[in-house]
Amino acid sequence: MAAMDELDFEPEEDAAPAARSRGKRGGMKSKGRGHNASMGVEDQGGRGGVFESVDGSEAGPIKSVEGWILFVRGVHEEAQEDDILDKFSEFGDVRNINVNLDRHTGFVKGYALVEFNEYDEAAEALEKMNGADILGQTISVDWAFIKTDKRR
């Protein structure tokens with residue numbers, strides 16, 4: 001037992017300061033990200049708190065991150081993706097199509113999202129397909145993302 005009194009349990013001097021903990025009000029204990037007080041705007045490439053905004057003040061369609069998206073309403077409940085894709089692919093390359101189904105019935109909820117790469121293709125599809133029939137049901141087509149003049 002005399003050997004136990006000779007052991008040295010002091011922390012090593014080269015230990016990182018973050019590894020030590022001082023308790024609730026001791027000042028050093030922190031968990032998670034973003035607790036380094038020395039990290040400022042310069043560490044973030046000079047863009048801390050700066051967000052992109054939509055330029056211009058005119059109302060109209062806005063391009064999503066990947067393309068121009070049309071919102072199609074009034075889709076027949078038994079329509080398939082291929083039915084919608086066949087109609088809209090006449091106007092250009094359809095990049096993506098989303099047809100959401102009702103969980104309980106398994107039928108289409110009544111709307112679809114159709115994405116085009118080019119504005120001209122999407123605009124032509126909007127003009128020609130708004131009011132068209134798919135499986136005997138009239139659909140209405142509009143831009144999914146629109147910038148308006150008024151502020152909320």
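Reader: Why is Phe71 called partly exposed?

Author: Happy to start there. Phe71 has a relative accessible area of 25%. Buried means under 20% and exposed over 50%, with partly exposed in between, so Phe71 at 25% counts as partly exposed. Please keep in mind that this is a predicted model.

Reader: And what makes Tyr111 partly exposed?

Author: The reasoning is alike. Tyr111 comes out at 23% relative accessibility, and buried would need a value under 20%, so Tyr111 counts as partly exposed.

Reader: How many aromatic pairs are there?

Author: The count comes to four. One of them is made by Phe71 and Tyr111, with 5.5 Å from centre to centre and 25 degrees between the planes.

Reader: What makes the pair of Phe71 and Tyr111 stacked?

Author: Two cut-offs settle it. Rings pair if their centres lie within 6.5 Å, and planes under 30 degrees apart count as stacked. With 5.5 Å and 25 degrees, Phe71 and Tyr111 therefore form a stacked pair. Phe71 sits in strand E2 and Tyr111 in strand E4, so their pair ties together parts that are 40 residues apart in sequence.

Reader: What about the rings of Tyr119 and Trp143: why is that pair stacked?

Author: Their centres are 5.5 Å apart and their planes stand at 5 degrees, so this pair is stacked as well. Tyr119 belongs to helix H2 and Trp143 to strand E7, so the pair ties together parts 24 residues apart in sequence. Ring pairs also link Trp68, Tyr119 and Trp143 into a cluster.

Reader: Are Tyr119 and Trp143 buried or partly exposed?

Author: One of each. Trp143 has 12% relative accessibility and counts as buried, because buried means under 20%. Tyr119, at 36%, counts as partly exposed.

Reader: How do you know that strands E2 and E4 pair?

Author: Two strands pair if DSSP finds at least two bridges between them. Six bridges join E2 (residues 68-73) to E4 (residues 108-116), and these strands run antiparallel, so they meet that rule. As an example, Val72 has Ala112 in E4 as its bridge partner.

Reader: Which strands form the open sheet, and in what order?

Author: Four strands form it in the order E3-E4-E2-E7, with antiparallel pairing.

Reader: What makes E3 and E7 edge strands?

Author: Strand E3 (94-101) and strand E7 (140-143) each pair on one side only. On average, neighbouring strands of this sheet are turned by 20 degrees against each other, direction ignored.

Reader: Where do the helices lie?

Author: Helix H1 (residues 81-88) lies across E2, E3, E4 and E7, running at about 145 degrees to E3. Helix H2 (residues 119-129) packs on the sheet and touches E2, E4 and E7; its direction makes about 150 degrees with that of E7.

Reader: How do you know that the buried residues of H2 line one face?

Author: The buried residues in H2 are Ala122, Ala125, Leu126 and Met129. Seen down the axis of H2, they fall within an arc of 100 degrees, so they line one face of the helix. On the other side of H2, Asp120 and Glu127 are exposed. The buried residues pack against E2, H1, E4, strand E5 (133-134) and E7.

Reader: How many helices and strands does the protein have?

Author: There are two helices and eight strands. From the N terminus on, the elements run β-β-α-β-β-α-β-β-β-β.

How values were computed. Residues are numbered from 1 along each chain as its sequence is written. This is a predicted model: local features need pLDDT of at least 70, side-chain atom pairs count only at pLDDT 80 or more; totals for chains, interfaces and linings use all residues. Side-chain values use heavy atoms; hydrogens and water are left out. Axes are lines fitted to C-alpha atoms, for helices over the stretch in contact, and angles run from 0 to 180 degrees between N-to-C directions. Contact means heavy atoms within 4.5 Å. Buried means under 20% relative accessible area, exposed over 50%, partly exposed in between (1.4 Å probe, protein chains only). The arc is that of the directions from the helix axis to the C-beta atoms. Rings of Phe, Tyr and Trp (its six-membered ring) pair if their centres lie within 6.5 Å; planes under 30 degrees apart count as stacked, over 60 as edge-to-face and the rest as tilted.
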